[in-house]
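Q: Please take a close look at the charged side-chain pairs in this model. Which residues pair, where do they lie, and are they buried or exposed?

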Amino acid sequence: MSTMAIPQQQAAIDGAVRHLVTNYSPKGNKVGWLMMASILVEAWDLYSIAFVLIFIKEQYNPDPLMLGLAAAGTQGGALIGALIGGWLSDKIGRRVMFIATMIMFIVLALAQAFVPNVTWLIVIRFLLGIPLGSDISTGYTYIMESMAKGEREVMGNRWQFMFAVGEVLTIGVIILFLLADINHETLWRVTLGLGALPALIILIMRHDVPETAVWLVQQGRFREAKQVARQMYNDDLAMLPDQDVVVPKPRTTAFIADLRKDPIRWRATVYGWIACFAQASEFSTFAFYLPVLFAMVGVSTILGNNLVTMALFAFAAVSGWVGPLLTPKIGHRGISIAGFSIVLVSLLVAAGALYTDHKYVLPFAAAAMLWGHYWDASNCMTIPTMVARPQYRGTASGFAYMFVKLPSFLAIFLFPSLFAAIGQANATLFVAIFPLIGLLAAIFILPEVYGYEQD
């Protein structure tokens, strides 16, 4: 270990980190897509349960609370996983966490296929949410430390596109099972257990991905950092000595105090939290409009429901792809303002259609809402992860993801009662509050941070 003075250590670390985050890596896009691929795993689990819940109810006939917990269990686990996983990512490393989370998911996804009753399904799905929540925060941290500015933001903003692709793939497989007339118990067990397959593929592909050089530098592990930098960037990090150093560990609880030192980073992070909550709230409640839409187009069968839903999310995938491509041109503020505005107008139009009984407008309003949602949700995780300092980046990412999972979990329990109590039109008007909050936050709180560089 080196005996460098602490000021010299910090100067060397800061210089190396600044050098790394401003350098382009030809391999960065591959690494970014590999991190984004894990969203397919989360999408599979989150969406597959929605389509097979009817068969689980058919077999076990649980009460509504138990059925709701089976559906929401993963969201609750992900809430915990986001916080713990982000913190552990800062403590023990990005690579350790993204390997561990995939292993956990493979085991727990397979376990879902063999549960003897709904109680065990709830337990397994809650535990399953922990690696899912953890992997998102770890993946975002890795992307922000492995790709060049600008490119890392476009990649981070593609998470909604990956969710839409996961949704379409999940529905496609279930449609094939329905067409094959597979026994309903076999169908739901195989569907849930199949989530282990993409997780296994991702685990194999991630096996040789190294730790980020930025994290290694922050830990004082200079020799490993130099080795990774040579592999990833063809750079020897000449500003660092060839010996490791002992670096004082920052307190995790200090990450908010650190953010508040810089008004730009603080405002951007606060916006990220608000946007995460707003976009998750608007989307989590969207599911309750689907039965109305299906009735409008004359859909009454399980197969028909799946086909219409597949079409909606195929359309959403286009939005999820276009939004990140526009971000370099109109910035984070531009894509956020446009997205929340589209959702707000769409919901107001939908509410008006319901009040005036012009329900034929609803499918168009729903499609527009999805388009806007896949823009306003695109950067809510990117921004807080990007502006955080490397020593707090995992924690910052996990903390932001908590604001996604909390409303997703609550909506399953609270919104059905509200929907039933005040009716479709009033409930639609109520949901419009969320994009309004997001829009105001984008206009008045969010500074433009596209291509942001820390001092």
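A: What follows takes the salt bridges one pair at a time.

The model is predicted, so local features are reported only at pLDDT of at least 70 and side-chain atom pairs only at pLDDT 80 or more, while totals for chains, interfaces and linings use all residues. Residues are numbered from 1 along each chain as its sequence is written, and side-chain values rest on heavy atoms, with hydrogens and water left out.

Side chains of opposite charge can pair when their charged atoms come close. The structure holds 14 salt bridges, a term that here requires a side-chain nitrogen of Lys or Arg within 4 Å of a carboxyl oxygen of Asp or Glu.

One of them joins the side chains of lysine 405 and glutamate 42, with an N to O distance of 3.1 Å. This pair links distant parts of the chain, as lysine 405 belongs to helix H19 (residues 393-431) and glutamate 42 to helix H3 (residues 38-60), 363 residues apart; helices are DSSP runs of H or I with at least four residues, strands are runs of E with at least two, and both are numbered from the N terminus. Lysine 405 is buried, at a relative accessible area of 3%, and glutamate 42 is buried too, at 1%, where buried means under 20%, exposed means over 50% and partly exposed lies in between, computed with a 1.4 Å probe and protein chains only.

A second pair brings together the side chains of arginine 393 and glutamate 145, at 3.2 Å from N to O. Because arginine 393 sits in helix H19 and glutamate 145 in helix H6, this bridge ties together parts that are 248 residues apart in sequence. Arginine 393 has a relative accessible area of 4% and is therefore classed as buried, and glutamate 145, at 3% relative accessibility, also counts as buried.

A further bridge is the one between glutamate 224 and arginine 221, whose closest N and O atoms are 2.9 Å apart. Here glutamate 224 is partly exposed, with a relative accessible area of 35%, and arginine 221 is likewise partly exposed, at 29%.

Beyond the single pairs, salt bridges that share partners join Asp90, Arg94, Glu145 and Arg393 into one network. Two members of that network, Arg393 and Glu145, have thus been met above as a pair that meets in a salt bridge at 3.2 Å.
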